[in-house]
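Hi everyone, thanks for coming. Let's put the structure up on the screen and walk through it together.

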Amino acid sequence: MKILIADDEPISLLYLQAVLEEWDYEVVTASDGNQACEILQSPDAPMLAIIDWMMPGMDGIDVCRVVRESVKDRYVYMIMLTGKSETEFIVEAMNAGADDFISKPFNIDELQVRVRAGRRIADLEQKLRIKASHDALTGLYNRGTILEILQKELTRHQRNKHSFAIIFGDLDHFKRINDDFGHLAGDMVLREAAARISAVLRPYDSLGRYGGEELLIVLPGCDAIEATEIAERVRLAICNKPVTTDAGDVPTSLSMGVAVIAQGQQISFNGLIHLADAALYIAKDKGRNRVEL
Ligand code: GH3
Ligand code: MG
Ligand code: MG
Ligand code: MG
């Protein structure tokens with residue numbers, strides 16, 4: 001587990017770092033409040049932070065306030081560390097967003113259990129956050145998350161005017177697969193399809209389960225040629241070999257509708273989904289296991 005220590009006194013910082021590394025934390029350090037904020041706002045930030053109150057520029061109170069206001073997509077557990085120990089200061093720190101408070105000079109055992117308590121909260125928060133954003137069967141983003149990603153990409157597109165694409169996929173005759181092989185085999189097909197698709201996408205593409213056997217892929221920066229190439233890669237990954245299940249080998253295929261938004265093109269969220277859905281409908285109509293734009 002990563003932890004940030006923010007302290008303007010080098011000796012204090014080094015001591016804390018040594019202690020926490022001894023307890024197997026991966027330590028990130030900041031020597032002032034601005035740096036601490038920057039680190040805690042970055043995507044790969046630690047979820048635990050020990051923050052000194054008195055620092056030049058932004059102090060610990062400012063850091064707590066700014067981080068609470070600006071970091072909304074995950075929880076940062078912040079422990080305020082300071083020479084002040086009167087109740088009014090504890091109240092001020094926790095009002096600013098700190099979760100806990102340790103007075104200097106601190107007792108090492110107390111520090112350890114307080115950091116551990118924070119870690120319990122941070123671990124649980126992370127587990128719940130992943131659970132809430134992912135689909136339990138396939139491990140893909142769930143509907144809410146993939147639609148949020150799509151909305152963000154659409155907003156980014158309107159600002160930056162780059163093209164991007166989405167793919168709406170639907171497994172073919174999935175009801176028949178369930179009927180012939182059973183629902184457990186159907187579940188295995190869904191899981192395997194998700195894994196095969198993930199394996200052929202680019203690192204910055206996003207894949208989510210839109211509904212039952214319907215998948216949504218968001219492809220940043222793609223034009224029509226690139227998007228149909230990726231869709232074709234996905235199609236082959238699914239149909240090239242049957243999915244092995246406990247009930248036997250299941251021939252599987254995926255139909256896809258691709259929608260591309262050109263540079264500067266205006267389209268609504270629903271309009272975009274509708275476009276991909278209409279293309280998917282044509283792919284089904286033309287015999288399935290195919291890509292339509
Ligand atoms: P089409 O090729 O036209 O898409 O036909 P289809 O049978 O795939 O389409 P339909 O929408 O009629 O059926 C989808 C089926 O997917 C029905 C539903 O029971 C099944 N399904 C949805 N979610 C799950 C799941 O999590 N597990 C399993 N095993 N089946 C699921
Ligand atoms: Mg200080
Ligand atoms: Mg369907
Ligand atoms: Mg289907």
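Let's start with aspartate 170: its relative accessible area is 9%, and anything under 20% is called buried, so aspartate 170 counts as buried. Keep in mind that this is a predicted model.

What does aspartate 170 coordinate? Two magnesium ions, ligand 4 and ligand 3, which sit 3.7 Å apart.

Let's look at ligand 4. Its protein donors are Asp170 and Glu213, through their OD and OE atoms, and Leu171, through its O atom. These donors lie 1.9 to 2.2 Å from the magnesium ion. Along the chain, you can write their spacing as D-L-x41-E. So where do the two acidic residues come from? Aspartate 170 belongs to strand β6, residues 164–171, while glutamate 213 is in the loop between β7 (206–209) and β8 (214–220). They are 43 residues apart, and the pair links distant parts of the chain. Glutamate 213 is buried too, at a relative accessible area of 17%.

Now on to another magnesium ion, ligand 2. Which protein donors does it have? They are Asp8 (OD), Asp52 (OD) and Met54 (O), at 2.0 to 2.1 Å from the ion. Here the sequence spacing reads D-x43-D-x1-M. Again, distant parts of the chain are linked: aspartate 8 is in the loop between β1 (2–6) and α1 (10–22), and aspartate 52, 44 residues away, is in strand β3, residues 48–52.

Are these two aspartates buried or exposed? Aspartate 52 is buried, with a relative accessible area of 3%, whereas aspartate 8 is partly exposed, at 28%.

Methods:
Residues numbered from 1 in each chain as written. Chains lettered and ligands numbered in written order. Predicted model: local features only at pLDDT ≥ 70, side-chain atom pairs only at ≥ 80, totals over all residues. Heavy atoms only, no water. Donors = N, O, S within 2.8 Å, 3.2 Å for Na, K, Ca; no water. Helix = DSSP H or I, 4+ residues; strand = E, 2+ residues; numbered from the N terminus. Buried < 20%, exposed > 50% of the residue type's maximum accessible area, 1.4 Å probe, protein only.
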